[in-house]
Amino acid sequence: MTGTDQKTTHFGNETIAEADKADRVHGVFTSVASKYDVMNDVMSAGIHRVWKDAMMDWLAPRDGQRLLDVAGGTGDIAIRFLRRAPGASAVVCDLTESMLASGQKRAEAEKLAERLDWVVGDAMALPFEDASFDVYTISFGIRNVTRPQDALAEAYRVLRPGGRLMVLEFSQLPNPGMQKLYDLYSLNVIPTMGKLIAGDRDSYQYLVESIRQFPDQETFAGMIRDAGFGQVKYRNLSLGVAALHSGWKL
Ligand SMILES: C[S@@+](CC[C@H](N)C(=O)[O-])C[C@H]1O[C@@H](n2cnc3c(N)ncnc32)[C@H](O)[C@@H]1O
């Protein structure tokens, strides 16, 4: 630390200067980008697909809607959204160019490229006008953002009145015994898989540690309300391993 009043934050279990976090997160996702999709399937035994489909079921995409998928990475959410609503369009915004580049290739292969834009940008300072989207999603992204409350304020700003926010994120299991078992699995198995499959233990160590730092379901629902959203509700997925939070700009 260089100054006594420098703000700090967590990067996994490390405490670092707030100003350094985005670079460190960018480093992690640049490193994992080429293996990101395959690692997601292996680490979660494919369950992340079920969670993302559950997100779409609750969101119920409609023709004519314009989606902003922030921290959208390789496009899993935007692509699902467009498949369900052939008359919708989407923008994927992410800090990491190489994640977006992988997603662009997928979208071209799926013939969705015309309805999709890919924009490099930070969730805390979105490069979009006020009230310019009908739906805002962020999936497994917000726990990586240095100041999640600022990202929620930006979500509120770019949504039009009547627009919808939906967040998919790892969460906390209400049952302490189950949480302990899950911690054992994730803290021991996932970094080892990261090393074996992606040749990168440290990035996956960060990913599992960052899950532990993220607020529980009720606390996060409160943060969404504090950003101005109404009708805030959440649903646990797989007993609370992940959760979906929904809110409306009323
Ligand atoms: C775990 S991936 C999630 C990708 C995708 N949404 C999914 O569900 O598979 C997290 C993504 O968040 C992005 N990210 C992290 N911090 C960000 C920020 N401040 N603004 C925008 N994107 C960010 C990373 O670059 C990475 O692509």
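Start with Arg24, which is found in helix H1 (residues 18–32). The model on your screen is predicted. Arg24 has a relative accessible area of 33%, so this residue is partly exposed. Now add Glu169 to the selection. Arg24 and Glu169 are 145 residues apart in sequence. In space, their C-alpha atoms are 20 Å apart.

**The nonpolar patch**

Select Val38, Val42, Leu196 and Ile197. These residues make a nonpolar surface patch of about 330 Å². Which elements give two or more residues to the nonpolar patch? They are helix H2 (36–44) and helix H7 (176–198). Pause on Val38, which lies in helix H2. Its relative accessibility is 41%, so Val38 counts as partly exposed.

**The ligand**

Show the ligand next. There are 19 residues around the ligand. Those that come nearest are Tyr36, Ala71, Asp94, Thr96 and Ser139.

Look at the polar atoms one by one:

- Thr96: a side-chain N or O atom is 2.6 Å from an oxygen atom of the ligand.
- Lys52: a side-chain N or O atom is 3.0 Å from an oxygen atom of the ligand.
- Leu95: here a backbone N or O atom lies 3.2 Å from a nitrogen atom of the ligand.

How much of the ligand does the protein bury? Taken alone, the ligand exposes 600 Å², and the protein buries 98% of that.

Keep Lys52 selected and add Asp37, Asp76 and Arg106. The four are linked in a network of salt bridges. Lys52 thus appears twice on this tour: in the network and beside the ligand.

**Helix H4**

Asp76 leads to the next stop. Select helix H4, residues 76–84. Is this helix mostly covered or mostly open? It is mostly covered, with seven of its nine residues buried. The buried ones are Asp76, Ile77, Ala78, Ile79, Arg80, Phe81 and Leu82.

Stay in H4 and pick Arg83. Add Glu110. The two form a salt bridge, and their closest N and O atoms are 3.0 Å apart. This pair links distant parts of the chain. Arg83 is in helix H4, while Glu110 is in the loop between helix H5 (97–109) and strand E5 (116–120). The two residues are 27 apart along the chain. Glu110 counts as partly exposed because its relative accessibility is 32%.

**More salt bridges**

How many salt bridges does the structure hold? The count is 15. Side chains of opposite charge can pair when their charged atoms come close. Two further pairs are worth a click.

Select Asp130 and Arg157. They form a salt bridge, with the closest N and O atoms 2.7 Å apart. Asp130 lies in the loop between E5 and strand E6 (133–139), and Arg157 lies in helix H6 (residues 148–158), so the pair ties together parts that are 27 residues apart in sequence. Asp130 has 53% relative accessibility, so this residue counts as exposed. Arg157 is partly exposed because its relative accessible area is 23%.

Now select Arg160 and Asp134. This salt bridge has its closest N and O atoms 2.4 Å apart. Arg160 lies in strand E7 (residues 159–170) and Asp134 in strand E6, so the pair ties together parts that are 26 residues apart in sequence. Is Asp134 buried or exposed? Asp134 is buried, because its relative accessible area is 16% and the cut-off for buried is under 20%. Its partner Arg160, with a relative accessible area of 31%, is partly exposed.

**A polar contact in helix H8**

Move to Ser210 in helix H8 (residues 201–213). Its relative accessibility is 4%, so Ser210 counts as buried. Which side chain does the side chain of Ser210 contact? Add Arg143: the two side chains make a polar contact at 2.9 Å.

**The hairpin**

Finish with strands E8 (residues 230–237) and E9 (residues 242–248). They run antiparallel, and six bridges join them. To see one facing pair, select Lys233 and Ser246: Lys233 stands opposite Ser246 in E9. Then follow the chain into the turn. E8 and E9 form a hairpin with four residues between them. Click Ser238 in that turn, where phi is positive, at about 50°.

Note on methods:
Residues are numbered from 1 along each chain as its sequence is written. This is a predicted model: local features need pLDDT of at least 70, side-chain atom pairs count only at pLDDT 80 or more; totals for chains, interfaces and linings use all residues. Side-chain values use heavy atoms; hydrogens and water are left out. Patches are made of residues with over 30% relative accessible area and no salt bridge: like charges are joined within 9 Å, nonpolar side chains (Val, Leu, Ile, Met, Phe, Trp, Tyr) within 5 Å. Accessible areas come from the Shrake-Rupley method with a 1.4 Å probe; for residues, only the protein chains shown count as cover. A salt bridge is a side-chain nitrogen of Lys or Arg within 4 Å of a carboxyl oxygen of Asp or Glu. Buried means under 20% relative accessible area, exposed over 50%, partly exposed in between (1.4 Å probe, protein chains only). Two strands pair if DSSP finds at least two bridges between them. A residue is near a molecule or strand if one of its heavy atoms lies within 4 Å of it. A polar contact is a pair of N or O atoms within 3.5 Å; within protein, one must be able to donate a hydrogen and the other to accept it, and residues adjacent in sequence count only if both atoms are side-chain atoms.
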